[in-house]
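Subject: A structure for you to look at

Hi,

Here is the structure I promised to pass on. Have it open while you read, and I'll walk you through what turned up.

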Amino acid sequence: MPVEPDCIVVGGGLAGLACARELACRGRSVRLLEAAAASGGRVATDTVDGFRIDRGFQVYLDAYPEGRRQLDLDALKLGRFEPGALVAEGRRLRRVTDPWRRPLAAVRSLVDGTVGLGDALRVARLRGELLGRMEAGGIDPDRPVAADERTTRAALEARGFSTRFIARFFEPFFGGVFLERGLDTAETVFEFTFAMFALGSACLPAGGMAAIPRQLASGLPADVVEVGTPVAAVEPVATVERGAVRLADGQRRACRAVVVATDRRAAERLLPPGSLPATDAGVTRGDKGARMVAFAAERSPIGGPTLLVSADRAGPIDNLTVPSDVVAGYAPAGAALIYASVRPDWAGDDAAAAADVLRQARGWFGSHVEQWRPLATLRIGHALPDESPAARRWRPTGPRLAPGLFICGDHVTSGSINGALVGGHRAAAAVDAELASG
Ligand SMILES: Cc1cc2nc3c(=O)[nH]c(=O)nc-3n(C[C@H](O)[C@H](O)[C@H](O)COP(=O)(O)OP(=O)(O)OC[C@H]3O[C@@H](n4cnc5c(N)ncnc54)[C@H](O)[C@@H]3O)c2cc1C
């Protein structure tokens with residue numbers, strides 16, 4: 001590795017790792033500087049008493065196109081959730097499923113009134129249309145957006161979905177995915193995510209979600225990643241002949257190109273003023289947070305790899321899963337691991353969250369809940385970028401900000417594992433093209 005590499009990537013989340021790996025594949029020398037003690041960014045897993053606790057409940061969707069290109073999915077040993085979900089309403093749990101993959105269960109949902117015929121037909125039309133557009137390459141949440149992009153809620157209402165079905169299914173299911181119950185996320189992001197759920201499965205890797213960045217990092221030459229190396233500033237390109245970053249300890253590192261692969265807030269602090277599009281005064285871009293409580297239990301309350309989402313506004317639970325039902329390895333033998341994600345609009349503090357979750361879960365599972373043992377409560381301040389249509393209109397239009405200065409990360413493309421991988425790949429291709437031309 002030369003002292004002065006072709007490229008320095010700042011930030012070792014999925015976007016930064018994907019970028020560094022693509023640059024290394026293209027024969028470029030690259031250094032990745034990560035502030036934290038490990039790479040992986042928001043995709044991380046801790047082990048507590050032999051249980052794998054992901055830092056916030058997240059799933060890998062095996063239909064993600066960029067994931068298929070960049071990851072060795074077999075090596076991740078993915079366990080798969082059943083399609084659809086159990087929807088909790090009051091004390092009742094109703095199953096809403098994908099009629100193409102579970103036709104009998106879908107018929108039962110129609111018969112018991114969980115899904116009305118009109119909404120079932122609208123889901124069928126939506127599914128057919130989105131899969132057709134997906135196949136034709138017509139849904140890309142990572143490209144610049146149309147000025148008239150709508151919110152998910154507006155799009156669902158325009159398609160004629162009943163208020164009842166939106167509240168009973170789309171709000172708890174996609175509200176849990178987007179980490180906001182208002183369904184203010186842009187229509188394109190919803191359409192892409194819906195297509196991913198229809199085309200594949202929600203999955204967990206046997207080694208925990210952290211196995212995904214671990215696999216990307218293992219594809220890099222040994223001396224590329226430097227962890228525990230916070231960058232304090234990226235030097236303005238106009239005032240230096242080559243790119244450079246200033247580390248928190250005062251060191252200066254020179255290179256030919258810099259890629260800022262951090263989250264948006266860090267990018268705003270690091271980049272020279274004026275590098276990013278300024279938002280309109282009326283546009284706020286608040287990041288979305290997440291909370292999760294993990295419990296150990298002697299057995300699973302659900303007894304299968306099914307996602308439970310809550311349409312019950314009386315309690316804190318957004319969704320509840322049993323990762324150890326999905327893939328072995330999340331819990332020690334003979335035990336079950338339960339994740340309860342807390343609704344983003346739940347006001348209760350963290351100390352009360354576990355007790356509030358147990359109270360609500362008791363309504364669904366009865367005395368089973370009494371033996372659940374809290375393992376960890378996690379609060380993630382920045383989980384997803386704001387993806388409302390207004391916020392998305394102020395993303396950079398591509399990875400190149402200035403000569404020798406590039407950006408990637410889910411806030412530039414879309415807030416998902418796929419979006420982060422796409423951004424990293426696009427930034428690497430842009431750096432490579434510029435280095436080749438210079
Ligand atoms: C609770 C939660 C649930 C989610 N659910 C899903 C899901 O179900 N499916 C899905 O596809 N996606 C999900 N996501 C989103 C997905 O995890 C992210 O979109 C993706 O991981 C973002 O990767 P990134 O590389 O863009 O950013 P990050 O992971 O944030 O990486 C940025 C990196 O930059 C580093 N950094 C910051 N500042 C500096 C600095 N000054 N110097 C050096 N390094 C720095 C950070 O430490 C970090 O490692 C979820 C995320 C969370 C948190």
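A quick definition before we start: a residue counts as near a molecule if one of its heavy atoms lies within 4 Å of it. Also keep in mind that this is a predicted model.

Let's begin with the ligand. There are 34 residues around the ligand, and the ones that come nearest are Glu 34, Arg 42, Gln 58, Tyr 64 and Asp 410. For two of these we have a distance to look up: Glu 34 has a polar side-chain atom 2.6 Å from an oxygen atom of the ligand, and Arg 42 has a polar side-chain atom 2.8 Å from an oxygen atom of the ligand. With Val 231 it is the backbone that matters: one of its backbone N or O atoms lies 2.9 Å from a nitrogen atom of the ligand.

How much of the ligand does the protein bury? On its own the ligand would expose 1000 Å², and the protein buries 91% of that. If you want to find the shell by element, look at α1 (14-25), α9 (264-270), β19 (373-384) and α13 (417-437), since each of them gives two or more residues to it. Sorted by class, the shell holds 19 nonpolar, 11 polar and 4 charged residues.

Where does the ligand lie relative to the domains? It lies between domain 1 (7-44 + 211-282 + 387-437) and domain 2 (46-62 + 73-81 + 201-209 + 288-384), because both of them give residues to the shell around the ligand.

Now for the sheets. As a reminder, strands of a sheet pair through backbone hydrogen bonds, either parallel or antiparallel. One open sheet has 7 strands in the order β8-β7-β16-β17-β18-β15-β19, and its pairing is mixed. At its edges you'll find β8 (92-96) and β19; each has a single partner strand, so one side of each has no neighbour in the sheet. On average, neighbouring strands here are turned by 25° against each other, direction ignored. Strand β7 (residues 85-89) runs antiparallel to β8, with 5 bridges joining them. One bridge to try finding yourself pairs Ala 85 with Val 96 in β8.

Another open sheet has 3 strands, ordered β5-β9-β6, with antiparallel pairing. Its edge strands are β5 (60-61) and β6 (78-80), each of which pairs on one side only. Between β5 and strand β9 (residues 202-205) there are 2 bridges, and the two strands run antiparallel. Here Tyr 60 has Cys 203 in β9 as its bridge partner.

One last spot to zoom in on: Ser 416, in the loop between β21 (405-407) and α13. A polar atom of the Ser 416 side chain lies 3.2 Å from the backbone nitrogen of Asn 418, and the Ser 416 side chain also reaches the backbone nitrogen of Gly 419, at 2.9 Å.

Have fun exploring!

Terms used:
Residues are numbered from 1 along each chain as its sequence is written. This is a predicted model: local features need pLDDT of at least 70, side-chain atom pairs count only at pLDDT 80 or more; totals for chains, interfaces and linings use all residues. Side-chain values use heavy atoms; hydrogens and water are left out. A polar contact is a pair of N or O atoms within 3.5 Å; within protein, one must be able to donate a hydrogen and the other to accept it, and residues adjacent in sequence count only if both atoms are side-chain atoms. Accessible areas come from the Shrake-Rupley method with a 1.4 Å probe; for residues, only the protein chains shown count as cover. Helices (H or I, at least four residues) and strands (E, at least two) are DSSP runs, numbered from the N terminus. Ala, Val, Leu, Ile, Met, Phe, Trp, Tyr, Cys and Pro count as nonpolar, Asp, Glu, Lys and Arg as charged, and the others, Gly among them, as polar. Domain bounds come from an automatic or database domain assignment. Two strands pair if DSSP finds at least two bridges between them. Axes are lines fitted to C-alpha atoms, for helices over the stretch in contact, and angles run from 0 to 180 degrees between N-to-C directions.
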